[in-house]
Amino acid sequence: MSESDRRARVARLEAFAQRAPTAYRVRLALLAGLGFGVLGGAVLLALGLSVGLVVVLLAISPVLLAKLAKIVWIPIAFGWVVLRALWVRFEPPAGRLLAPGEAPALVAEIERLRRAAKAPRLSGILIDDELNAAAASVPRALGLLGHRHYLVLGLPLMQLLDRRQFASVVAHEFGHFGGGHGRFSGWIHRVRVSWYRVLDGLDGRGAWASGAFERFFRWYAPYFDAYSFVLARQNEYQADAMAARLTGADVAGSALVRVNIGAARLEHEFWPSVIEANRRDAQPPRGLQHDMAAALRSRHADDEARVAARLAARADVHDTHPSLAQRLQALGVVAGDAPPPAQSAAEVLLGDLLPALEADFSDDWRLRVEDGWRERHRAHAADSDRLGELEGQLERTPTEAVEHAALVERLHPHVDAVPLYRDAVRRAPDDAFAHYRLGVLLLARDNRAGIDLLHRARMLDPDAGDAVNEVLAEFHHRHDELDALDSVVGDQQARDRLRRDAAQARNALSVHDTLLPHGLDDAAMDAVRVSLASTGKVGRAWIVRKHIDGDPAGPPHFLVLVRWRGLVFGEDAALQRVVDALELPGSWVAFTAPNQRRVARRVRKSAGAPSYRHGQA
């Protein structure tokens, strides 16, 4: 669905929902039921066919039923394949699950708010390291058997807000569980998320049954998303109303302002300071969460200007959250001063658990980033040395001019790198990186000359297409240029589709595959023979290269046909040992002839003599 089509549809549905709210909800419920009908209908049809066949064959002759029993099982087998293709396991949200007895003050406060909001019981309370809170509903059996409900609370959020503001945020999240906008809206909210999770689970499986349903849900999920967007936007207002009812409109408004201040503080101050520390220190800081809390609880001279900028921002038709100005207007409050709390909600409600959580999250972060941190620290030192060398030269080659511009931009972000990149593009007219970076910097200044530079970068380096599309999409979206945005989005979707098809092709075997000689040199084939001999089970092997449509420049993909030496028990495990032992410059699939006879014949014909024989020197 194009951006212009989506905006037009959302506008029509908003008008329709205001004019005929009951009819809108009925249509939305029918559309939601369509998804469940497709899932359940496929299985019921398969079972119905089996039962029907049994009845018909019994009526004709019990003997005939016994002879044709295998036919009866065909629809059942189809139903089983459908269920397996669609069975997507949904994991609970990530975070540190509160154990029984932990943070009793927090648990009591959440339970008080849950009862007041008339929200369903929780399966768990999780705390993570994000500046956010979320109501997460995990479907059972794709939602057919209900949901498990979790409340996810970000520790930075609890450190940013006071107790009443934090209670307002929790009340808002409970509103999404159905207490704030009724059972129907709560159900639609969960279904809206569930269909995208089904689509994500099906994506890339490649099985024939899965593929059929993936095509349906690739149409259905965005369509349902657009149709339910109006209700989802209303739900945000109603969840805010729940927060205002339980904690007061002024408190709910101040919480919204504080969250926007905190997000801006992290984006513009805290994380840039961490990046600067990476350049200065060889090891990541130990108390990241404690430092973040201190930054969130402080004042900054730019807070007022940043809130003003957020108040001026408009809501996007892809974001169900209204703008800050719209939410405050709906609450009937104005954006006033939102000073840091004298005592944060984390300090009040977590008690002794707070320092432990800070330490645990900080340690987890250090473990995640320490390898990359040290590498970036070394790279920064090397970059600094290299920049010194380049600036000490009287003359620079075209390649060095590009390198110099990139180093200045990376090491001295406050220096205007545009003149340097202009010179680099002039001197190195075929350098994709120089065109790309100059294009990015110009578009950031709303200079449209950057568009041609980005297109030139993609022409010089087709692999830059994703990065170019991301920048162009952001620019056209910012300027409300829908036709240009649709063109960029369509191009990116086509690129993604080709990649997805190529990935599926690497995992599939078909008689229609285009097979080529393997093209491996003598050294590579020697390594292959050694690795196959090391398994002790392979008698012969034929190797060919498979042409991957849509990915001609990607790594090569090989098919390895294996004939065993003697008896093999547990063929799947033996094939896995072959895959693990092989050394090939790309990706590969190993298989045996009994499993794919027609494909095996084509591989042997294309390869000619075996690529490997047991005992071969």
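Begin with the whole protein on display: its secondary structure comes to 24 helices and 9 strands. The model is a predicted one. Buried residues make up 43% of the 617 residues. If a surface is drawn, the protein exposes about 31500 Å², and carbon and sulfur atoms supply 56% of that area. Of the contacts in the protein with a separation of 6 or more, 74% are between residues 24 or more positions apart.

**First stop: strand S7 and its partners**

Select residues 557-564, which form strand S7. Is this strand enclosed or open to the surroundings? Of its 8 residues, 7 are buried, so the strand is largely enclosed by the rest of the structure.

Next, add residues 538-546, strand S6, to the selection. S6 and S7 pair in the antiparallel sense, over 8 bridges. To find a point of register between them, label Ile543 and Val560: Ile543 stands opposite Val560 in S7.

Now add residues 587-592, strand S8. In which sense does S8 pair with S7? The pairing is parallel and extends over 6 bridges. Here the residues to label are Val562 and Thr592, since Val562 stands opposite Thr592 in S8. To follow the connection, display residues 571-581, helix H23: the chain crosses from S7 through this helix to S8, and the β-α-β crossover is right-handed. With side chains shown on these strands, a general point may help in viewing: in a regular strand the side chains alternate between the two faces of the sheet.

**Second stop: Ser362**

Move to helix H15, residues 353-391, and select Ser362 within that helix. Ser362 has a relative accessible area of 3%; because the cut-off for a buried residue is under 20%, Ser362 counts as buried.

Which residues does Ser362 touch, leaving aside those up to four places away in sequence? They are Arg286, Gly287, Leu288 and Gln289. Two of these deserve a distance label. The side chain of Ser362 reaches the backbone nitrogen of Gln289 at 3.0 Å. The backbone nitrogen of Leu288 lies 3.4 Å from a polar atom of the same Ser362 side chain.

**Third stop: the aromatic pairs**

Display the aromatic side chains; the structure holds 5 aromatic pairs. As a guide to what follows, a pair of aromatic rings is described by the distance of the centres and the angle of the planes.

Select Tyr24 and Tyr227. Their ring centres are 5.9 Å apart and their planes are at 5 degrees, so this pair is stacked. The pair links distant parts of the chain: Tyr24 belongs to helix H2 (residues 21-60) and Tyr227 to helix H9 (residues 208-247), 203 residues apart. Tyr24 is buried, with a relative accessible area of 2%, and Tyr227 is buried as well, at 10%.

Finally, select Trp365 and Trp373. How are these two rings arranged, stacked or edge-to-face? The pair is edge-to-face, with 6.0 Å from centre to centre and 80 degrees between the planes. Trp365 is buried, with a relative accessible area of 9%, and Trp373 counts as buried at 2% relative accessibility.

To close, return to the tyrosines and add Phe16: ring pairs link Phe16, Tyr24 and Tyr227 into a cluster.

Methods. Residues are numbered from 1 along each chain as its sequence is written. This is a predicted model: local features need pLDDT of at least 70, side-chain atom pairs count only at pLDDT 80 or more; totals for chains, interfaces and linings use all residues. Side-chain values use heavy atoms; hydrogens and water are left out. Buried means under 20% relative accessible area, exposed over 50%, partly exposed in between (1.4 Å probe, protein chains only). Helices (H or I, at least four residues) and strands (E, at least two) are DSSP runs, numbered from the N terminus. Two strands pair if DSSP finds at least two bridges between them. A crossover is right-handed if, with the strands pointing away from the viewer, the path from the first strand over the helix to the second runs clockwise. Contact means heavy atoms within 4.5 Å. Accessible areas come from the Shrake-Rupley method with a 1.4 Å probe; for residues, only the protein chains shown count as cover. A polar contact is a pair of N or O atoms within 3.5 Å; within protein, one must be able to donate a hydrogen and the other to accept it, and residues adjacent in sequence count only if both atoms are side-chain atoms. Rings of Phe, Tyr and Trp (its six-membered ring) pair if their centres lie within 6.5 Å; planes under 30 degrees apart count as stacked, over 60 as edge-to-face and the rest as tilted.
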